[in-house]
Amino acid sequence: METDQTSPKDADSVPPPETIVVHDHRVACDGGGGALGHPKVFYEIGEEGFVECLYCDRRFVLAHD
Ligand SMILES: [Zn+2]
């Protein structure tokens, strides 16, 4: 017999994409490695001031110095 457990709700919900502030217009992303990772890719932040990873939707924002 199994006990009726309430499963945590956030196990099903998709976490919001991370915003990562960087100080270089060239960034690399591998999704953080592990199960959520992806092949390492490089992006170049243009005049928009940010770039979004096509794999994991992380947003890299160039810091204003
Ligand atoms: Zn990524």
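**Exercise 1. Place glutamate 18 in this predicted model and decide whether it is buried or exposed.**

Step 1. Locate the residue in the chain. Glutamate 18 is found in the segment before E1.

Step 2. Apply the neighbour count. A residue is exposed if 12 or fewer other C-beta atoms lie within 10 Å of its own. Glutamate 18 has 12 C-beta neighbours inside 10 Å, so it counts as exposed.

Step 3. Look for a residue distant in sequence. Glutamate 18 and arginine 58 are 40 residues apart in sequence, and their C-alpha atoms are 5.0 Å apart in space.

**Exercise 2. State which elements the chain holds and in what order they run.**

Step 1. Count the elements. The chain has five strands and zero helices.

Step 2. Read them from the N terminus. The order is β-β-β-β-β.

Step 3. Add two totals for the chain. Of its 65 residues, 8% are buried. Among contacts between residues at least 6 apart in sequence, 40% join residues at least 24 apart.

**Exercise 3. Work out the strand order of the open sheet and which strands stand at its edges.**

Step 1. Set out the order. Three strands form the open sheet, in the order E1-E5-E4, with mixed pairing.

Step 2. Find the edges. Strand E1 (19–22) and E4 each have a single partner strand, so one side of each is left without a neighbour in the sheet. From one strand to the next, the twist averages 20°.

Step 3. Take the pair E1 and E5. These strands pair in the parallel sense over four bridges. Threonine 19 stands opposite arginine 59 in E5, and valine 22 stands opposite leucine 62 in E5.

Step 4. Take the pair E4 and E5. Here the sense is antiparallel, over three bridges. Glutamate 52 has arginine 59 in E5 as its bridge partner.

Step 5. Relate the two senses to the general rule. Strands of a sheet pair through backbone hydrogen bonds, either parallel or antiparallel.

**Exercise 4. Explain what is unusual about the phi of aspartate 57, and say where the residue lies.**

Step 1. Find the position. Aspartate 57 lies in the loop between strand E4 (50–52) and strand E5 (59–62). The hairpin of E4 and E5 has six residues between the strands.

Step 2. Read the angle. Aspartate 57 has a positive phi of about 65°, although it is not a glycine.

Step 3. Compare with the general tendency. Most residues other than glycine have a negative phi.

Step 4. Check the surroundings. Aspartate 57 counts as exposed because it has 12 C-beta neighbours inside 10 Å.

**Exercise 5. List the residues of the largest nonpolar core and trace the contacts of its two valines.**

Step 1. Name the members. The largest nonpolar core has five residues: Val27, Cys29, Val51, Cys53 and Phe60. In soluble globular proteins, nonpolar side chains tend to be buried together.

Step 2. Start with valine 27, which lies in strand E2 (residues 26–29). The cut-off for a buried residue is 20 or more other C-beta atoms within 10 Å. Valine 27 has 20 and is therefore buried. Not counting residues up to four places away in sequence, valine 27 touches Val22, Tyr43, Ile45, Val51 and Phe60. Its C-alpha is 6.3 Å from that of glutamate 44, which is 17 residues apart from valine 27 in sequence.

Step 3. Continue with valine 51, found in strand E4. Valine 51 is buried because it has 20 other C-beta atoms within 10 Å. Its contacts, leaving aside neighbours within four places in sequence, are Val27, Tyr43, Ile45 and Phe60.

Step 4. Connect the two valines. Valine 51 and valine 27 are 24 residues apart in sequence and 9.0 Å apart, C-alpha to C-alpha.

Step 5. Add cysteine 29. Beyond residues up to four places away in sequence, cysteine 29 touches Val41, Tyr43, Cys53, Cys56 and Arg58.

**Exercise 6. Classify glycine 37 by its C-beta neighbours and give its contacts.**

Step 1. Locate the residue. Glycine 37 lies in the loop between E2 and strand E3 (41–44).

Step 2. Classify it. Glycine 37 counts as partly exposed because it has 13 C-beta neighbours inside 10 Å.

Step 3. List the contacts. Leaving aside neighbours within four places in sequence, glycine 37 is in contact with Asp30, Gly31 and Gly32.

Step 4. Add a separation in space. Glycine 37 and cysteine 56 are 8.0 Å apart, C-alpha to C-alpha, and 19 residues apart in sequence.

How values were computed. Residues numbered from 1 in each chain as written. Predicted model: local features only at pLDDT ≥ 70, side-chain atom pairs only at ≥ 80, totals over all residues. Helix = DSSP H or I, 4+ residues; strand = E, 2+ residues; numbered from the N terminus. Contact = placed C-beta atoms within 7 Å. Core = buried A, V, L, I, M, F, W, Y, C linked by C-beta atoms within 7 Å. Pairing = 2+ DSSP bridges. Axes fitted to C-alpha atoms, helices over the stretch in contact; angles between N-to-C directions.
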